[in-house]
Amino acid sequence: MADHSPGPEKSASVEIWMIRHGESEGNAARLVQGHTDSSLTMKGTSQAKALGHWLRAEGIQFSHIYASDLKRARQTSVHALQESGTEMHKACNVQERYALREKFEGSNENKAYRECAFAPQAQGINKRDWRPPGGGESSNDLQHRAVSELGRLMRVHASTSDIPLQHGKSVLPIVALFTHGLWMHECLKFAISHSQIVSGQDKLRRNHWGTWNFPMPNTGIWRLRFEWPIRAAVRAFGWLQNVRVHILIAGQVPHLAVQSTALIDKSQSSMISFMETKSNTAMSHDKNGETVSRKRAHASPNDSMDAFKHRKPNQRTKLGTKPIASFFATKG
């Protein structure tokens, strides 16, 4: 007698890369950008090109590419794809999406943070529902827009588990979204809290409020693989039921890590050389007031570095620390 019992439920899956734009003119000036259409700085262009080099070195090929229609995101996608190799640049046309835009800040746009209006502290006001003057979006407005777009793209580009492998490799779609910091933050906050984390939870960190922290450096990458039952119901914001997520990259800049390390090594080498010279030869005065050169005992580079590490923070040279810190600019 034939066995008509249902087999394992088929699932759908897709890999999503959320990539923040490179440093923009607004980031450099520390302005609230929102929908203000600022271009990349020279540093931002270099970051985008470094991303492209890294994608080519890692053999990453996106199946679909979307970008916010604001300049800083579009330019990041163009520079990254040009540097990633002609094959992907020609094969993938970047589709611009208004839904991937940053949070609209109303009359706060293009202002320094200290000049902006913020949610009042009055009792009973939900800060996430507060909208900036001038028709700005609330945090909940942005989350609704961001999650709806992510859910739509997941459903459109999902691969089902019964699709065979090609040449021994998975045909899992890899969708790249070149977008903005607050967009990514609201999207990730909802998606991860409404999904079962299968792997990669160790990559997440909590802030001092106990909620998940989502780092958003310029050209930072969040690489996530989503899975869900094919017959899953669509929930609020267009999100699917019973979604499972694998966190593969969490807000990192692997393409900039090499550059940062090289800059630090170079800075430390210069500092060690300088400290060795100063430690081997010191100027002192004899009893007659005449300047003499006095040789000190040889100090190794490790001794010099140990002395440097034990200085107070405000006494340390900034050599070697600025390259990394400067990547973490204002969201936007």
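How many bridges join strand E1 to E9, and in which sense do the two strands run? This is a predicted model, in which local features need pLDDT of at least 70 and side-chain atom pairs count only at pLDDT 80 or more, while totals for chains, interfaces and linings use all residues. Residues are numbered from 1 along each chain as its sequence is written, and side-chain values use heavy atoms, with hydrogens and water left out.

Strand E1 (residues 11-20) is joined to E9 by nine bridges, and the two run antiparallel; strands and helices here are DSSP runs numbered from the N terminus, with at least two residues for a strand (E) and at least four for a helix (H or I), and two strands pair if DSSP finds at least two bridges between them. Within this pairing, Val14 stands opposite Phe226 in E9. E9 also pairs with E10, again in the antiparallel sense, over seven bridges, and there the bridge partner of Arg223 is Ile249 in E10. Seven of the nine residues of E9 are buried, so that the strand is mostly covered, where buried means under 20% relative accessible area, exposed means over 50% and partly exposed lies in between (1.4 Å probe, protein chains only).

The aromatic residues can be followed next. The structure holds five aromatic pairs, a pair being two rings of Phe, Tyr or Trp (its six-membered ring) whose centres lie within 6.5 Å, with planes under 30 degrees apart counted as stacked, over 60 as edge-to-face and the rest as tilted. The rings of Phe190 and Trp239 have centres 6.2 Å apart and planes at 90°, so this pair is edge-to-face. It links distant parts of the chain, since Phe190 belongs to helix H6 (residues 181-193) and Trp239 to the loop between strand E9 (221-229) and strand E10 (244-252), 49 residues apart. Both Phe190 and Trp239 are buried. Phe214 and Trp222 form another edge-to-face pair, at 5.6 Å centre to centre and 65° between the planes; Phe214 is buried, with a relative accessible area of 3%, and Trp222 counts as buried at 1%. Ring pairs also link Trp17, Trp54 and Phe62 into a cluster.

Helix H2 (residues 42-58) has 17 residues that should span 24 Å at 1.5 Å a residue, and its end C-alpha atoms are 24 Å apart, which agrees; the expected span is 1.5 Å times one less than the number of residues. Among the buried residues of H2 are Gly44, Leu51 and Trp54, and just after the helix Gly59 takes a positive phi of about 70°.
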